[in-house]
Structures are given as C-alpha cells and as structure tokens.
Amino acid sequence: MAADDYDFWLFDLDGTLVDVDASYPRAVMEEVGDRLGVSVSDREADVLWYGVGDARERVLDRLDVDPAAFWETFHEVEDPIARAEAAFCYDDAEWVGALDEPVGLVTHCQSYLTEPVLDRLDLRDWFDTVVCCDAETGWKPDARPVELALADLGVGRDPSGPLVGDNPSDVGAAWNAGLEGVHVERHGHERRGCCVLGDRRLRSLDALAPGTGRVPDATSGG
C-alpha cells in the first residue's frame with residue numbers, strides 16, 4: 001500500500017523519530033556502572049542503551065550484573081532534563097509533523113522522560129495522542145498500547161495504517177493489533193546481528209513519506 005493511502009500513522013519515539021548524542025548514554029552508563037561497582041566501556045554503554053537484539057543481556061551477564069539491579073540503578077541515574085537536552089530529531093523524520101492524517105505516538109519511554117523530549121524538540125503538535133507504555137497499558141509487542149492509541153485517534157473499524165519503529169517489538173505490536181509493521185533500521189544489520197522482519201523494511205524514513213510513491217516491501221530492505 002502507498003503511504004498516501006494510509007488513514008492514520010503510529011510511530012515509536014526513541015530510535016525512530018529521535019535519538020540522543022552519543023556522549024549522553026555513555027555518561028549515564030558510566031555512572032550506572034560506578035554505582036554497581038563495574039567498569040562499562042563505551043561500546044558496552046551503547047549496547048546497554050540501545051539493547052539491540054539480546055546484546056544487552058549478554059553484556060549484563062558478562063559484567064555479572066543482575067538485570068533488575070541494572071534497571072533500578074539506571075532509573076535512579078537518568079535525569080529527564082539532561083536526556084531532553086541531549087536529544088535530537090532525525091532529519092528524515094521531519095515530514096511527520098506535516099501529516100494531515102491522525103498521528104499517534106506509542107513509546108516504551110516513560111511519561112516523565114517523554115514529555116521533556118517532546119517539549120524540548122517542539123514535537124508535541126505532531127501527535128494527536130501519546131501512549132507511554134507501562135504496567136497498566138502493557139508493553140510492546142503487546143497490542144494493548146497500540147489499541148489504546150487507535151481508540152484515542154478515533155479512526156473507526158478496520159482502518160489502514162502502520163506502526164513505524166526501530167525495534168522488533170514495534171513490528172510485533174503492529175502485527176498483534178492487525179496493523180502494518182514498518183521497521184526502520186537505524187543500527188545496521190551487522191551491528192544488530194540479525195535482520196528484522198516486517199511488512200516494510202527501511203533504511204530511512206524518507207522512503208516512507210507521502211508523495212514518494214509506494215512504500216518498499218518487506219523483501220527490498222528499504
């Protein structure tokens with residue numbers, strides 16, 4: 001289906017529309033490591049931040065750090081304002097702000113972290129609804145946060161539209177909710193260690209923008 005035919009759009013946030021300067025996750029993970037009594041390299045900091053594939057679990061195992069302790073310490077360390085100040089919007093995502101169709105955001109990023117980023121980057125007006133996943137709404141690939149966003153958008157029964165994200169859980173959430181799953185590969189297949197399945201696979205969101213023609217299919221690699 002061509003992007004011009006979509007009735008609505010759903011997007012993930014981190015790694016899809018926005019990211020942070022490389023120095024920020026490295027500083028955060030260095031502090032997390034200090035508090036846990038381990039040394040975290042720049043490469044390990046990047047892996048722990050982005051969690052590509054199962055690489056995060058392998059790093060924590062190598063550092064002999066309990067995942068629950070890691071996340072507890074991570075949330076203690078991270079500051080919402082500092083994160084927002086380090087954030088930037090991908091150039092290939094700027095067309096999202098000009099969409100005429102209903103647009104929703106479905107993100108694992110908690111509200112206290114999401115809101116400062118949206119304000120700092122002036123993205124709030126891009127979205128007609130924002131759903132931050134939590135224990136109550138569920139977590140992608142669960143369909144519930146996607147269904148909540150669709151209900152907020154009021155798009156009716158059997159609408160046509162995608163959930164666009166950079167993580168396999170985004171594609172899973174889309175499929176579980178009966179939507180098209182569009183994957184944008186920000187890290188490269190070599191770094192990820194696998195290819196992510198999806199109805200559409202892109203290297204840049206530019207290929208998805210309305211007016212650019214048919215969206216690349218799942219076998220094209222974007």
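This is a short talk on the empty spaces, one helix packing and a few backbone oddities in a predicted model.

Okay, let's get going. Everything here comes from a predicted model, so keep that in mind as I go through it.

I'll begin with pockets. Rolling a probe the size of a water molecule over the atoms shows where empty space is left. So how much space lies in the largest pocket? About 860 Å³. There are 35 residues lining that pocket, and if you want to centre your view on it, the closest to its centre are W49, Y50, R56, W71 and H108.

Where does the lining come from? Five elements each supply at least two residues: strand β2, at 18–20, and the helices α2 (42–50), α3 (55–63), α4 (67–77) and α8 (168–176). The largest share belongs to α4, which puts in 4 residues. As for chemistry, the lining of the largest pocket is a mix, with 14 nonpolar, 10 polar and 11 charged residues.

Now the closed spaces. How many cavities of 30 Å³ or more do we get? The count comes to 2.

The largest cavity holds about 40 Å³ of space. Around that cavity you'll find M29, V32, G33, L36, V38, V40, L48, L60, L63, V65 and F70. Helix α1, residues 23–36, and helix α3 each supply at least two of those residues, and α1 gives the most, with 4. By class, the lining of this cavity has 10 nonpolar residues, 1 polar and no charged ones.

The second largest cavity has about 30 Å³. Its lining is D14, V18, D19, V20, R83, A87 and V117. Here β2 gives the most, with 3 residues. The classes for the second largest cavity come out as 4 nonpolar, no polar and 3 charged. If you've been keeping track of β2, that strand also supplies at least two residues to the lining of the largest pocket.

Next up, how α1 and α2 sit against each other. At what angle do their axes cross? Roughly 100°, and the axes come within 9 Å. That makes α1 roughly perpendicular to α2, because anything from 65 to 115 degrees goes in that class. On the α1 side, the contact is made by Y24, P25, R26 and M29, and on the α2 side by D42, A45, D46, L48 and W49. Those residues divide into 6 nonpolar, no polar and 3 charged. Some of these names have come up already: M29 and L48 are in the lining of the largest cavity, and W49 is among the residues closest to the centre of the largest pocket.

While we're on α2, have a look at E44, which lies in that helix. Is E44 buried or exposed? Its relative accessibility is 13%, and the cut-off for buried is under 20%, so E44 counts as buried. Leaving aside neighbours within four places in sequence, E44 is in contact with S39, V59, R62 and L63. And L63 is another residue from the lining of the largest cavity.

Right, backbone geometry. Most residues other than glycine have a negative phi, and most peptide bonds are trans. We've got a few exceptions to show.

Which residues does the cis peptide bond join? K140 and P141, with omega at about 20°. P141 is in the loop between β5, 129–132, and α7, 144–153.

Then there are two aspartates with a positive phi. D64 has a phi of about 60° although it is not a glycine, and it sits in the loop between α3 and α4. D64 has a relative accessible area of 71%, and exposed means over 50%, so D64 is exposed. D122 also has a positive phi of about 60°, and its place is the loop between α6 (111–120) and β5. At 60% relative accessibility, D122 counts as exposed.

Last one: D152, in helix α7. How far apart are D152 and S41 in space? From C-alpha to C-alpha, they are 42 Å apart, with their positions 111 residues apart in sequence numbering. Setting aside neighbours within four places in sequence, D152 is in contact with T129 and V131.

That's me done, over to you.

Notes: Residues are numbered from 1 along each chain as its sequence is written. This is a predicted model: local features need pLDDT of at least 70, side-chain atom pairs count only at pLDDT 80 or more; totals for chains, interfaces and linings use all residues. Side-chain values use heavy atoms; hydrogens and water are left out. On a 1 Å grid over the protein atoms alone, a cavity is a set of points where a 1.4 Å probe fits but cannot get out, and a pocket is an open set with protein on both sides within 12 Å along at least five of seven lines; lining residues have an atom within 4 Å of a point. Grid points are joined across faces, edges and corners, and a volume is the space filled by probe spheres set on the points. Ala, Val, Leu, Ile, Met, Phe, Trp, Tyr, Cys and Pro count as nonpolar, Asp, Glu, Lys and Arg as charged, and the others, Gly among them, as polar. Buried means under 20% relative accessible area, exposed over 50%, partly exposed in between (1.4 Å probe, protein chains only). Contact means heavy atoms within 4.5 Å. Axes are lines fitted to C-alpha atoms, for helices over the stretch in contact, and angles run from 0 to 180 degrees between N-to-C directions. Angles under 35 degrees count as roughly parallel, over 145 as roughly antiparallel, 65 to 115 as roughly perpendicular and the rest as oblique.
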